[in-house]
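Me: I have a structure to go through. Can you take my questions as they come?

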Amino acid sequence: MEAPIYNQTGKATGKITLSKDVFGVPWNADLVHEIVRLMNSNSRNPIAHTKTRGEVSGTGKKPWKQKGTGRARHGSRRSPIWVGGGIAHGPRNDKNFTRKINKKARIKALYTILSRKFKDGEIIFLDSVSFAAPKTSDAKKVIASLATIKGYERLVTKKTNTAILALDKKADAVTKSFRNFGNVSVEEFRNINPVSIMNHTYLIVTNPEVSLKTLSDKTAK
């Protein structure tokens with residue numbers, strides 16, 4: 001299983017042999033859905049918060065006597081059915097949405113997504129990306145050059161969630177050059193995860209020989 005390697009001008013410079021264990025995994029929608037759902041739950045940051053009947057201000061006195069008034073029985077003005085009372089089953093910012101994710105299942109989901117994207121022609125391997133200094137115009141030229149490759153024309157037409165540029169190592173000049181791109185995310189390849197890949201159409205991998213080695217390192221741990 002081979003794939004071409006391009007430079008940042010969009011010209012093919014060689015080929016790379018890919019592992020079938022990473023890029024030849026059959027699609028498993030149930031596994032991918034489960035892992036993405038759990039990861040989204042773990043990243044959830046609850047903000048909305050309501051008070052229960054034990055937290056709202058108000059008297060604890062019984063509104064009126066239990067019987068003899070002809071009215072319904074009530075024991076507190078802080079009851080959820082009263083205006084100004086507590087909220088029953090409302091959102092709470094102290095709720096824990098964390099869920100356990102099986103490590104092997106997460107890695108398998110990552111490989112499954114990578115395999116699907118490779119099959120659909122949505123992964124580009126670059127030998128390297130480097131800029132002398134942060135410059136948006138240089139970053140724009142790289143995207144325009146890659147869009148000349150057959151099958152990757154949407155790199156310049158898709159307005160949202162277009163691509164992830166996965167670097168083999170940290171590069172401040174590259175990161176800052178793409179900072180003004182609202183449709184391109186930049187991160188190190190070792191930090192990619194199923195959610196980030198699924199949220200973007202294309203995956204651009206730099207220095208694939210080094211970057212892909214981190215995948216085998218994850219499996220070995």
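Reply: What follows covers the sheet, a helix pair and one residue of this predicted model.

Me: Start with the sheet. What's the strand order?

Reply: The order is S2-S1-S3-S6-S4-S5 in an open sheet of 6 strands, and the pairing is mixed. Strands S2 (12–17) and S5 (184–188) are at the edges with a single partner strand each, so each has one side without a neighbour in the sheet. From one strand to the next, the twist averages 30°.

Me: Are S4 and S6 parallel or antiparallel?

Reply: Parallel: S4 (residues 163–167) pairs with S6 (residues 202–206) over 4 bridges. Ala163, for one, has Tyr202 in S6 as its bridge partner.

Me: Which strands does H3 touch?

Reply: Helix H3 (residues 103–119) packs on the sheet and touches S1 (2–6), S3 (123–126) and S6. The directions of H3 and S3 make about 90°.

Me: And how does H3 sit against H2? What's the angle?

Reply: H2 (residues 29–42) packs with H3 at about 120°, and the axes are 9 Å apart. The crossing is left-handed.

Me: Which residues meet there?

Reply: From H2, Leu31, Val32, Ile35 and Met39; from H3, Ala105, Arg106, Lys108, Ala109, Thr112 and Ile113. By class, that contact has 7 nonpolar, 1 polar and 2 charged residues.

Me: Different topic. Is Ser211 buried or exposed?

Reply: Buried, because its relative accessibility is 1%, and the cut-off for buried is under 20%. Ser211 lies in helix H7 (residues 208–211).

Me: What is Ser211 in contact with, leaving aside neighbours within four places in sequence?

Reply: Leu167, Asp168, Phe189, Val205 and Thr206.

Key
Residues are numbered from 1 along each chain as its sequence is written. This is a predicted model: local features need pLDDT of at least 70, side-chain atom pairs count only at pLDDT 80 or more; totals for chains, interfaces and linings use all residues. Side-chain values use heavy atoms; hydrogens and water are left out. Helices (H or I, at least four residues) and strands (E, at least two) are DSSP runs, numbered from the N terminus. Buried means under 20% relative accessible area, exposed over 50%, partly exposed in between (1.4 Å probe, protein chains only). Contact means heavy atoms within 4.5 Å. Two strands pair if DSSP finds at least two bridges between them. Axes are lines fitted to C-alpha atoms, for helices over the stretch in contact, and angles run from 0 to 180 degrees between N-to-C directions. A crossing is left-handed if the near helix is turned anticlockwise from the far one by less than a right angle, and right-handed if clockwise. Ala, Val, Leu, Ile, Met, Phe, Trp, Tyr, Cys and Pro count as nonpolar, Asp, Glu, Lys and Arg as charged, and the others, Gly among them, as polar.
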